[in-house]
There are 2 protein chains.
Amino acid sequence: MDTRSAPGSDPTTRRAERVAAIDTWRRLLVFQRRSMNELDDELRAERGLDLEEYDVLLHLTEAGRDGLRMGEIADRALLARSSCTRVVDRLERGGLVERAHEPQDRRMVRVLLTADGRAAQRRAAAVHVRGIERRFSSRLSPEDLVDLRRVLTRLEES
Amino acid sequence: MDTRSAPGSDPTTRRAERVAAIDTWRRLLVFQRRSMNELDDELRAERGLDLEEYDVLLHLTEAGRDGLRMGEIADRALLARSSCTRVVDRLERGGLVERAHEPQDRRMVRVLLTADGRAAQRRAAAVHVRGIERRFSSRLSPEDLVDLRRVLTRLEES
DNA sequence: GACGAATAGTTCCAGATGGAAATATAGCGG
DNA sequence: CCGCTATATTTCCATCTGGAACTATTCGTC
């Protein structure tokens, strides 16, 4: 599909459209940053977890019984390897996860949720989901969500 | 307007919709984080500026002749006051901005772009806009942008 | 005018970040 | 089985971040 402006629009119009698209990008950015700051504050205040820690717990929950290796966590949570080490350190100190060396390949570390970790994830999810619904889901109609998903699909392409 | 699900949808459907909305939120998040990381890398590599520094230069450019005070910069760039001090320090060391005490109220600092700063902003904008168009504008049709703006307007409300 | 409260900005501090170097382990070719 | 290379993770380092404490200046009240 041709996503460019309709032929025949003059250069001035084309330029205005480019600027308007960039402005939309900025609004999206500001909305996300504000929301993330607030969600992070909420989670810290009510559950003593930051957003990275919660995200790692969530990925581990989704991964199920076998947990994840450090590298898998880093990739899924968009973290540098070194940051991942430290986040898992903190979670381990708090008793929410355990590290276990893979017997077959002792270079690898398998990270597993503890019972406390599972409980903490559930309790944090309640707060976090509430925050997302307040700022996001509850403001959008089903049609808005359909449109937004279509837009996202185009943005994620290739 | 009622943004909730249509009446009559059963609890299972309602739950699936809630989960789907949260998933959309996550996709949006991942897209933004990836894009920002890449845009930041590009700007550093090609212009030696990070995204915060560029953003401050952009706000100063938009503000025009009189520049901005530190607090105004912090508010617009979503920066803590202390972070703002340091970003402006770096820009000042690079000769891109100047600090001037307000004669009327010597508590306030007015930050002004230098000629070098204006040039740097323009040169950085070329790179940054190109990056945004590659990842965002060029992938969306005019209709997509209209829909996205409508969604954003709802999200920004109150 | 002096004094306490308010405001703008900077400095200090504790903690987080990513990338480079270091460490530990595995796999491969001879 | 030895050395070489590749891979997974951690440690180190230079730098960034926000919030609290601090400094400088102004304002309001008496």
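In the predicted model, helix H4 of chain B lies across strands E2 and E3 of chain B. Helix H4(B) runs at about 115° to E2(B). The two strands beneath this description pair in the antiparallel sense, over 5 bridges, with E3(B) spanning residues 109-113. Within that pairing, B:Val97 has B:Leu113 of E3(B) as its bridge partner.

The sheet of chain B is open and has 3 strands, in the order E1-E3-E2. Its pairing is antiparallel. Strands E1 (68-69) and E2 (97-101) of chain B each have a single partner strand and stand at the edges, so one side of each is left without a neighbour in the sheet. Strands of a sheet pair through backbone hydrogen bonds, in either a parallel or an antiparallel sense.

Helix H4 of chain B (81-93) also contributes to the surface near DNA strand D, supplying at least two residues. Two helices of chain A, H3 (70-76) and H4 (81-93), each do likewise. Around DNA strand D there are 21 residues. Those that come nearest are A:Met70, A:Gly71, A:Ser82, B:Ser82 and B:Ser83. By class, this surface holds 9 charged, 7 nonpolar and 5 polar residues.

The two protein chains also meet. Contacts join 35 residues of chain A to 34 residues of chain B. On the chain A side, helices H1 (11-47), H5 (115-135) and H6 (142-156) are the elements that give two or more residues. The side of chain A that touches chain B has 18 nonpolar residues, along with 10 charged and 7 polar ones.

Technical notes
Residues numbered from 1 in each chain as written. Chains lettered and ligands numbered in written order. Predicted model: local features only at pLDDT ≥ 70, side-chain atom pairs only at ≥ 80, totals over all residues. Contact = placed C-beta atoms within 7 Å. Helix = DSSP H or I, 4+ residues; strand = E, 2+ residues; numbered from the N terminus. Nonpolar A, V, L, I, M, F, W, Y, C, P; charged D, E, K, R; others polar. Near = placed C-beta within 6 Å. Pairing = 2+ DSSP bridges. Axes fitted to C-alpha atoms, helices over the stretch in contact; angles between N-to-C directions.
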